[in-house]
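Reader: Could you take me on a close look at one part of this model? I would like to see how a few of its strands and residues are placed, with the contacts spelled out.

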Amino acid sequence: MATALKKGRAALLLTAAGCTASAAFAQVETQGGVQVNQTIAHSNFRGGETAGWLETTLYGQARFDLRRLKGQASANVSRRFEEFGDLPRNYSVSGVADITSELVDDTFFLRAGANAQDVTRDTRFGLGGLSDSVSANSVQLFSLYAEPSIQQRIGSEVTANASYRIGALFSDDTYRGGELPIGGGGGGGLGGGGLNRLGALGDSITQSANGRLQFGNEARRLRTGLIARWVREDIDRLDQEYSSYNLGATATYRVSRKLSLNAEGGYEDIENTQSSILFDPDTGRPVLGDDNDFIVDPDQPRITAFERDGPYGIVGFRYTPSRRTELSAFGGYRFGGTNFGGTLSYRPSPRVTVSGNVNRGLTSTARQLTQAQFGGIGVTPIDPVDGVDYSDLCPLGFDPVLGLCFGGLGGQPITSATFRNTSARLSTSYKQERWSATGFVSYTDRDYLNSLQLQDENAASLEGRNVSTESYSAGIQGGYDLNSGEALTGGLTYIHTSQFLGGGSNDQVVGTLGYRRNINSAFYATANATAAFRFGSTALSGSDNSYLGSVGIGYRF
């Protein structure tokens, strides 16, 4: 296998060299390997569970910069062989990819991306990746998108741009509905002593299209334009449909070489509809199917979860005082409410980087992962520190934007619902020759448009009421090269989540420690340990601890 991969790498390098006028222009970096681990995990959840399994992992990473093709990708694919205990899923996949191809010089482009991650399904109970090992509170997400785009200059004063993106979200959901056997059980969620599970996550298709005409060349201080956007999402659960479009005018004024101001205003139309659910006429509660999901009532008309049409407007700025610093922000009224966002990129020294972003808008899990230009989670590969992929050390899920544990999807339940999302993240990293460290803080608040989309049996009584979750987290991770053949990694993460539907609130603390030692130039040995502690504010939200330890051996290609 190693020989075949080396031959493939050589063929790729030869192809790249043949496509460029200069061999030095083509840059291709690849690395990969296979690893075998013996793992034991224990959780106190539901009275205590212990599981052991043998796990084989194939991993790889590639970065390339060719004449017409640029991008990077990384992936870990694991297969588990159960030895004792109960594993709800015998595999796990994590990875990210982002590739851009220039099909016609400066005119026609194709961008494609993908994301895979195994995350906590319902944050009202259990512990992320650890409970994934010994319970069914997890979901394996797969998302991908493709986006052709075209840009064309018309004369010296007009530029036209257009793009279309189609994305898909698929899930392998081991999580199923029904009442959780915690907090004394019995009765169901808000009305009794139990807490119902959310319905299974649905697959979805997302689409978006953008068109823009820009008037004025780069030399002009004032540039104006026209813009049109369209977004659609189709979700199989409850036959949900989300659609929006907006038509607007834009203006950008360059105050100086460092500062520019911008504004946009126009008309928008948004509609989010779904099928009606079937209620029991005697009890007044939803009728559940064999998988504990809601059943569509074919005799009732579709219901509107959210709709809005009317004017919108936002203003903003972009400030670049130096090549090391860039700051942008905008704010206004859009999506039927306050809309704002901003990004920060700052490199005070070659060894230190600071980055951050803030956003408030209308989105869903699928649109976060496949329609990044609308304020969602971008598809950015994890950057390993000293060859260590930290996605292996994120038992509660990793943030595909920052390449960090938590943030993004972490701390929030994974549902098919549309929500108004407010999020903020700030991270800083420091790298030396032998050691590196990264710290972050993150905040997320989600207001769900319609509680029925959560598919909780008790949500039927909450229709029209505000249902939201709020979470904030902070963490630090680091790596240190003990010598040329040994590396030590570690991390500590804290997250607080205020839950919905009777879940109360909980605090989680996760610590990780990893060790790697080279046996020779190809083989290496690893050891990892993780401890996670969860403290619930109520009997329903519960408290539990989880522990995981593993040792393994790997081979680098």
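Author: Happy to, and here is a walk through one part, starting from a glutamate and moving outward.

First, the ground rules: this is a predicted model, in which local features need pLDDT of at least 70 and side-chain atom pairs count only at pLDDT 80 or more, while totals for chains, interfaces and linings use all residues. Residues are numbered from 1 along each chain as its sequence is written, and side-chain values use heavy atoms, with hydrogens and water left out.

Let us begin with Glu 55, which sits in strand E2 (residues 49-65); strands here are DSSP runs of E with at least two residues, numbered from the N terminus. Glu 55 is buried, at a relative accessible area of 13%, where buried means under 20% with a 1.4 Å probe and protein chains only. Its side chain makes a polar contact of 2.8 Å with the side chain of Trp 53. A polar contact is a pair of N or O atoms within 3.5 Å; within protein, one must be able to donate a hydrogen and the other to accept it, and residues adjacent in sequence count only if both atoms are side-chain atoms. A polar contact of 3.1 Å links the side chain of Glu 55 to the side chain of Ser 78. Leaving aside residues up to four places away in sequence, Glu 55 touches Gln 35, Val 36, Asn 37, Ser 78, Arg 79 and Arg 80, a contact being heavy atoms within 4.5 Å.

Ser 78 leads us on to the next strands. The bridge partner of Ser 78 in E4 is Ser 92. Strand E3 (residues 69-84) and strand E4 (residues 91-104) pair in the antiparallel sense over 11 bridges; two strands pair if DSSP finds at least two bridges between them. Their hairpin has 6 residues between the strands, and Gly 85 takes a positive phi near 85° there.

Gln 35, from the contacts of Glu 55, also brings us to a residue much later in the numbering. Gly 554 lies in strand E26 (residues 544-556) and counts as buried, with 3% relative accessibility. Beyond residues up to four places away in sequence, Gly 554 touches Val 34, Gln 35, Ala 522, Phe 523 and Tyr 524. The C-alpha atoms of Gly 554 and Val 36 are separated by 6.3 Å, although the two residues are 518 apart along the chain. Val 36, too, is among the residues that Glu 55 touches.

Technical notes. Helix = DSSP H or I, 4+ residues; strand = E, 2+ residues; numbered from the N terminus. Buried < 20%, exposed > 50% of the residue type's maximum accessible area, 1.4 Å probe, protein only.
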